[in-house]
Amino acid sequence: MYELNLPKYETQLGGTREKPEIFDFLRRRFVKLTPEEWVRQHFVHWLIEHKGYPKGLLGNEIELRVGEKRMRCDSVLYNQEMKPVMIIEYKAPTVALSQKVFDQISVYNMLLHVDYLMVSNGLQHFCCRMNYEHNNYNYLPDIPNYDNL
């Protein structure tokens, strides 16, 4: 798979050569190994092991519904009251983190109304804090530790 700008962790791989899988410890099952999933698993482990994010407050592939339309947030961080506070969007390392990616995550945020939006392609990572008073967001200089949210 790809070399990422994230610490390595002990991955659990499964499946077959034709259909490789990686263990998602948040969903407690093996999932299809794609470049985006490779990024997600490394990023989530980094958040938990190096940034202090509680495992029990993170969820992967969170479904959102608007009428008949269904969308999925790649990851969502909740607070102690289980209210969403951060949406995380992942892209494959070969995908540039463009305005289009932020537009996608902003659509999810119209439903969840979180304080933070984060995107990563495994090579670059960006986090911004929403400013609902001025209807914009401000990029943070670094990915915050959980205690600083």
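1. Start with the loop between β2 (20-24) and β3 (29-32), where you will find R28. This is a predicted model, so keep in mind that every angle and distance below is computed from it. R28 has a positive phi of about 60°, even though it is not a glycine. That is worth a second look because most residues other than glycine have a negative phi. Is R28 buried or exposed? R28 counts as exposed because its relative accessible area is 68%, and the cut-off for that word is over 50%.

2. H113 makes a nice companion case. H113 is not a glycine, yet its phi is positive, at about 55°. Look for H113 in the loop between α2 and β7. With a relative accessible area of 45%, H113 is partly exposed.

3. Now for the sheet. Which order do its six strands take? Reading across, you get β4-β5-β6-β7-β8-β9, in an open sheet with mixed pairing. At the edges sit β4 (58-66) and β9 (136-139), each of which pairs on one side only. From one strand to the next, the twist averages 35°.

4. "Mixed" is easier to grasp once you follow individual pairs. Strands of a sheet pair through backbone hydrogen bonds, either parallel or antiparallel. Here β6 (residues 84-90) and β7 (residues 116-120) run parallel and are joined by five bridges. If you want a spot to zoom in on, I88 has M118 in β7 as its bridge partner. β7 and β8 also share five bridges, but in the antiparallel sense, and there V119 is partnered by F126 in β8. β8 and β9 are antiparallel too, with four bridges; R129 stands opposite N138 in β9.

5. The two hairpins deserve a quick look. Between β7 and β8 there are four residues, and in this hairpin G122 takes a positive phi near 85°. The hairpin of β8 and β9 also has four residues between its strands, and there N135 takes a positive phi near 55°.

6. Two helices go with this sheet. α1 packs on it and touches β4, β5 (69-78), β6, β7 and β8 (125-131), with a direction about 140° from that of β6. Helix α2 (residues 99-112) lies across β4, β5, β6, β7, β8 and β9, and runs at about 150° to β6.

7. Stay with α1 for a moment, since H45 is found in this helix (residues 35-51). H45 is buried, as its relative accessible area is 11%. Leaving out residues up to four places away in sequence, H45 touches Y9, F25 and H50.

8. What about the inside? The largest nonpolar core has 27 residues, and F43, Y53, L77, I88 and M118 touch the most other members. α1, β6 and β7 each supply at least two residues of this core, and the largest share, six residues, comes from α1. Two of the names should ring a bell: I88 and M118 are the bridge partners from point 4. Y53 is also worth clicking on: setting aside residues up to four places away in sequence, its contacts include L47, L58, L77, M86, M118 and Y146. Apart from this core lies another, of 17 residues, among them M71, Y108, L112 and C128.

9. Last, the charges. Side chains of opposite charge can pair when their charged atoms come close. How many salt bridges does a search of the whole structure find? The search finds 11. Some are linked in a network that takes in D24, R27, E37, R40, E61, E63, R65, R70 and R72.

10. Within that network, compare the surroundings of a few members. R27 forms a salt bridge with D24, the closest N and O atoms being 2.4 Å apart. D24 is buried, because its relative accessible area is 0%. E63, on the other hand, is partly exposed at 31% relative accessibility. E63 has a salt bridge with R70, with the closest N and O atoms 3.9 Å apart, and another with R72, at 3.6 Å from N to O. R70 is exposed, with a relative accessible area of 54%, while R72 is partly exposed at 41%.

How values were computed
Residues are numbered from 1 along each chain as its sequence is written. This is a predicted model: local features need pLDDT of at least 70, side-chain atom pairs count only at pLDDT 80 or more; totals for chains, interfaces and linings use all residues. Side-chain values use heavy atoms; hydrogens and water are left out. Buried means under 20% relative accessible area, exposed over 50%, partly exposed in between (1.4 Å probe, protein chains only). Contact means heavy atoms within 4.5 Å. Two strands pair if DSSP finds at least two bridges between them. Axes are lines fitted to C-alpha atoms, for helices over the stretch in contact, and angles run from 0 to 180 degrees between N-to-C directions. A salt bridge is a side-chain nitrogen of Lys or Arg within 4 Å of a carboxyl oxygen of Asp or Glu. A nonpolar core is a set of buried Ala, Val, Leu, Ile, Met, Phe, Trp, Tyr and Cys residues joined through side-chain atoms within 4.5 Å.
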